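Let's take a friendly walk through a protein structure. Keep the sequence and the 3D view at hand as you read.

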Amino acid sequence: MSASTSPSPAPAWLEARLRAAGGAVPFRTYMDWALHDPEHGAYGSGRLQVGPRGDFATSPSLGPDFAALLAPQIAQWLLQQPGDGPLALVETGPGEGHLALQLAEALAARWPELAARTTLVLVEPNAGMAQRQRRLLASEPLPCRWLSFAELAASPLVGVMLAHEVLDALAVERIEWDGALWRQQLVALHEELDAPPSLQLVPGEPLEPQALSQLEPLGLLQPGPQRAAGFTTELHPGLTPWLANAAAALAAGQLLVIDYAHEAWRYYGPQRSNGTLMAYRQQQACDDPLLEPGHWDLTAHLCLESLQAAAEASGWTPLGQRRQGEALLALGLAQQLHGLQQSAAGELPELLRRREALLRLVDPTALGDFRWIAFCRSGVADQSERALPERAQPEALPLFLQDPPLG
Ligand SMILES: C[S@@+](CC[C@H](N)C(=O)[O-])C[C@H]1O[C@@H](n2cnc3c(N)ncnc32)[C@H](O)[C@@H]1O
């Protein structure tokens with residue numbers, strides 16, 4: 001679905017908020033309300049459903065094979081932690097809880113001694129989502145707790161933290177080039193005689209000098225003739241605070257971020273004149289972020305350079321990154337597919353469903369283009385490495401960065 005030309009009506013709750021704020025707020029504030037407001041937000045209310053029969057599918061929601069392939073990576077990292085003390089598998093933003101459940105089951109079945117030392121910790125700020133996670137995870141095999149970043153900071157854990165399709169739900173700042181200056185984009189109430197109030201995107205004040213220094217490494221300071229007035233894109237000010245909270249929660253261990261992401265040159269290239277922001281609901285995509293606020297998932301890609309800068313500023317060391325298709329092949333996806341073909345013919349419909357799900361996970365035009373980006377909290381990687389390496393140091397090379405197994 002593309003952006004509608006008719007104005008998007010303002011629901012009463014949002015109209016009241018915008019009036020209280022003087023008629024307009026930065027896009028970032030709007031996105032935060034639309035997603036995370038406890039009563040009206042799409043996640044805050046627990047309204048959004050993740051899965052092929054819900055609003056949008058994610059890799060773990062397609063079935064247990066994604067977690068089965070990821071599990072050896074989690075086990076490798078857990079086994080790398082020094083000592084034989086308690087360990088944690090922390091999932092941030094677990095959605096329905098599919099991935100947490102499937103990983104807990106895989107660890108318990110394949111690495112029981114490791115599982116016996118491991119607690120599952122869920123970090124979910126939206127009460128509506130946490131309620132559904134508690135139902136799904138009621139009988140999973142590991143001890144399980146829901147904790148906030150603030151609670152974890154009080155007694156940080158050792159282990160592995162996952163952020164699967166979470167950072168794309170952090171509210172972004174939208175900025176607009178007016179031909180001479182970068183301006184913050186606002187969401188404003190639009191009022192006309194004899195018409196209900198509607199929402200519109202309007203340019204706000206020019207960006208502060210501090211924000212401009214953020215634009216330089218992204219190649220955005222001199223927009224040039226190709227970047228016409230009206231060029232709109234996103235910045236990610238929520239990343240540094242989120243990564244700092246995540247770092248404070250983990251005394252030692254690894255963080256795996258899995259999300260849509262572009263290099264800065266692709267993200268901010270002149271051809272991408274409307275950024276990456278998209279809305280999803282009931283398996284439909286739409287590029288109008290103002291449509292039915294609180295009913296659509298709003299999501300923006302990550303910029304790899306911005307993520308790395310925010311991670312390093314927050315105490316994380318990069319371990320490397322890879323596209324999901326390559327990462328899953330390194331973890332044995334081809335063997336998993338081959339194994340399915342050897343299975344009993346009586347289970348054919350289920351086998352075909354799993355085969356289709358595995359192929360979707362590596363499809364380079366869809367989930368296969370996701371990035372797996374790993375960081376660590378201790379001296380596992382060379383601290384002097386500045387560029388986001390395609391590969392980590394050999395002695396610490398995560399399994400998903402290694403060459404695919406033969407055969
Ligand atoms: C797109 S869903 C991803 C669900 C799940 N990880 C999956 O891939 O199926 C985003 C999840 O992140 C949660 N979330 C949103 N903001 C968050 C934040 N600041 N920290 C942790 N989780 C957050 C949402 O409530 C939701 O559970």
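## Two loop residues with an unusual backbone angle

Let's begin with Q282, which is found in the loop between β13 (278–281) and β14 (284–286). Please keep in mind that this is a predicted model. The phi angle of Q282 is near 45°, a positive value in a residue other than glycine. Most residues other than glycine have a negative phi. Is Q282 buried or exposed? Q282 counts as exposed because it has 11 C-beta neighbours inside 10 Å, and the cut-off for exposed is 12 or fewer.

Now look at E165, which sits in the loop between β6 and β7. E165 is also a residue other than glycine with a positive phi, here near 50°. Its surroundings can be judged by counting neighbours: E165 has 22 C-beta neighbours inside 10 Å, so it counts as buried.

## Two domains

The protein is divided into domain 1 (8–36 + 173–235 + 271–298) and domain 2 (59–170 + 238–260 + 301–401). As you can see from these ranges, each domain is put together from three separate stretches of the chain. The C-alpha centres of the two domains lie 31 Å apart.

Where the domains meet, five residues of domain 1 are in contact with five residues of domain 2. On the domain 1 side, the touching residues divide into three nonpolar, two polar and no charged.

## Strands around β8

Find strand β8 (residues 182–190) and look at its pairing partners. Strand β2 (residues 24–26) runs antiparallel to β8 and is joined to it by three bridges; here V25 stands opposite V187. Strand β9 (residues 198–206) is also antiparallel to β8, with seven bridges joining them. In that pair, Q185 of β8 stands opposite P203 of β9.

Strand β7 (residues 173–177) pairs with β8 in the antiparallel sense too, over three bridges, and E176 stands opposite R183. Together β7 and β8 form a hairpin with four residues between them. In the turn, G179 has a positive phi of about 105°.

## The largest nonpolar core

Nonpolar side chains tend to be buried together in soluble globular proteins. In this model, the largest nonpolar core has 112 residues, and the members that touch the most others are I74, V90, L103 and V187. Helix α3 (residues 65–80) gives the largest share, nine residues. Domain 1 and domain 2 each supply at least three residues to this core.

Which residues does V187 touch, leaving aside its neighbours within four places in sequence? They are A24, V25, F27, Y30, L199, L201 and L290.

## L157 and its neighbours

L157 belongs to strand β6 (residues 157–164). It counts as buried because 20 C-beta neighbours lie inside 10 Å, and the cut-off for buried is 20 or more. Not counting residues up to four places away in sequence, L157 touches A88, V90, V121, L152, A249, L250 and A251.

L157 also shows how folding can bring sequence positions together. L157 and L87 are 70 residues apart in sequence, while their C-alpha atoms are 7.1 Å apart in space.

## An enclosed strand: β18

Strand β18 (residues 371–376) is a good place to practise looking at both sides of a strand. Six of its six residues are buried, so β18 is largely enclosed by the rest of the structure. On one side are R371, I373 and F375, and on the other are W372, A374 and C376.

Which strands pair with β18? One of them is β11 (residues 250–259), antiparallel to β18 over six bridges, with V257 as the bridge partner of I373. Another is β17 (residues 317–323), which is also antiparallel to β18 over six bridges. Between β17 and β18, R322 stands opposite W372 and G320 is the bridge partner of A374. Strand β17 is mostly covered as well, with six of its seven residues buried.

## Around the ligand

How many residues surround the ligand? There are 22, and the closest are Y43, T58, G93, G95 and N126. Sorted by class, this shell has 12 nonpolar, eight polar and two charged residues.

Methods: Residues are numbered from 1 along each chain as its sequence is written. This is a predicted model: local features need pLDDT of at least 70, side-chain atom pairs count only at pLDDT 80 or more; totals for chains, interfaces and linings use all residues. A residue is near a molecule or strand if its C-beta atom, placed from the backbone, lies within 6 Å of it. Ala, Val, Leu, Ile, Met, Phe, Trp, Tyr, Cys and Pro count as nonpolar, Asp, Glu, Lys and Arg as charged, and the others, Gly among them, as polar. Two strands pair if DSSP finds at least two bridges between them. Two residues are in contact if their C-beta atoms, placed from the backbone, lie within 7 Å. A nonpolar core is a set of buried Ala, Val, Leu, Ile, Met, Phe, Trp, Tyr and Cys residues joined through C-beta atoms within 7 Å. Domain bounds come from an automatic or database domain assignment.
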